[in-house]
Structures are given as C-alpha cells and as structure tokens.
Amino acid sequence: MNNKGKENVRMNFDLDADLTPLFNWNTKQVFVYLTAEYDGGAKRTDISNKVTFWDKIILTKEDAILHLRNQRSAYSVYDVQKSFK
C-alpha cells in the first residue's frame, strides 16, 4: 500500500435545472446527482473514472426547480494516483 499523500478534490458549482417534468402521478421521489468523469492517466487511456460530487433526493414537484449558486460538493474525492491531472 502506498502511504504517500493523495490529492483531495472538493469543488463549488452552479446548477440550474427544472426537473418538474419528471414528476407525475406515480413519482415518489427523484434522485439527482452530479458526477465527473476523467481518464485513467497517461499509462491507462482505456480506463475512465467516474466520481459523484453531490446528490439530492427531491420529494416534491415544488422542490424540483434547482437554482444552486456556489454550491459546495457534498463529497471529497481522492484518486488512486497521487495527483489529479
């Protein structure tokens, strides 16, 4: 196991989304999440990494219009490499 330090990524983002069309008579909740995808590095271009930075469960149509400004990511992300590039 590598005990060297790893980079930790947290980010802020803006998001505008109208998810009200997803709600109908049979919708109980909508799960929304923000992911980032990046390649596996110079040695492994055939690998793609996906990480989730933020998520939210929306329970009502009234809460389904999102206007987020400078929202902080909910999760810290570490990569197996020592640095995000």
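Accessible areas are obtained here by the Shrake-Rupley method with a 1.4 Å probe. By this method, the accessible surface of the protein, taken from a predicted model, comes to about 6,800 Å², and 50% of that surface belongs to carbon and sulfur atoms. Of the 85 residues of the protein, 20% count as buried. The protein contains six strands and zero helices, so that the order of elements read along the sequence is β-β-β-β-β-β, given that strands are numbered from the N terminus. Contacts between parts of the chain that are far apart in sequence are well represented, since among the contacts with a separation of 6 or more, 64% join residues 24 or more positions apart.

The interior was examined next. The largest nonpolar core is made of eleven residues, namely Phe-13, Ala-17, Leu-19, Phe-23, Val-30, Val-32, Trp-54, Ile-58, Ala-64, Leu-66 and Leu-68. To this core, the strands β2, β3, β4 (48-58) and β5 each supply at least two residues. Trp-54, one of the core residues, has a long list of partners when residues up to four places away in sequence are not counted: Trp-54 touches Phe-13, Leu-15, Val-32, Tyr-33, Leu-34, Leu-66, Leu-68, Gln-71, Arg-72, Ala-74 and Tyr-75. Among these partners, Phe-13, Val-32, Leu-66 and Leu-68 also belong to the core.

Nonpolar side chains are found on the outside as well. Phe-31, Tyr-33, Ile-57 and Leu-59 form a nonpolar patch on the surface, and together these residues have about 450 Å² of accessible area. Tyr-33, a member of this patch, is located in strand β3 and is also one of the residues touched by Trp-54.

With regard to charged side chains, a search of the whole structure finds one salt bridge. This salt bridge is formed by Asp-16 and Arg-69, whose closest N and O atoms are 2.7 Å apart. The pair links distant parts of the chain, as Asp-16 is in strand β2 and Arg-69 is in strand β5 (residues 65-72), 53 residues apart. The side chains of Arg-69 and Asp-16 are likewise joined by a polar contact of 2.7 Å. Asp-16 has a relative accessible area of 46% and is therefore classed as partly exposed, a value between the limits of 20% and 50%. Leaving aside neighbours within four places in sequence, Arg-69 is in contact with Phe-13, Asp-14, Leu-15 and Asp-16. For one of these residues, Asp-14, the C-alpha atom is separated by 4.5 Å from that of Arg-69, although the two residues are 55 residues apart along the chain.

Strand β5 also holds Asn-70, a residue other than glycine with a positive phi, near 55°. The relative accessible area of Asn-70 is 54%, and Asn-70 is therefore exposed, the cut-off being over 50%.

A loop position was also considered. Thr-20 is found between β2 (12-18) and β3 (30-39), in the loop that lies between these strands. Because the relative accessible area of Thr-20 is 15%, which is under 20%, this residue counts as buried despite its place in a loop. The side chain of Thr-20 makes a polar contact of 2.6 Å with the side chain of Asp-18. When residues up to four places away in sequence are not counted, Thr-20 touches Lys-61, Ala-64 and Ile-65, and of these Ala-64 is a member of the largest nonpolar core.

Conventions. Residues numbered from 1 in each chain as written. Predicted model: local features only at pLDDT ≥ 70, side-chain atom pairs only at ≥ 80, totals over all residues. Heavy atoms only, no water. Helix = DSSP H or I, 4+ residues; strand = E, 2+ residues; numbered from the N terminus. Buried < 20%, exposed > 50% of the residue type's maximum accessible area, 1.4 Å probe, protein only. Polar contact = N/O pair within 3.5 Å; in protein donor to acceptor, adjacent residues only side chain to side chain. Contact = heavy atoms within 4.5 Å. Patch = residues over 30% accessible without salt bridge, like charges linked within 9 Å, V, L, I, M, F, W, Y side chains within 5 Å. Salt bridge = Lys/Arg side-chain N within 4 Å of Asp/Glu carboxyl O. Core = buried A, V, L, I, M, F, W, Y, C linked by side-chain atoms within 4.5 Å.
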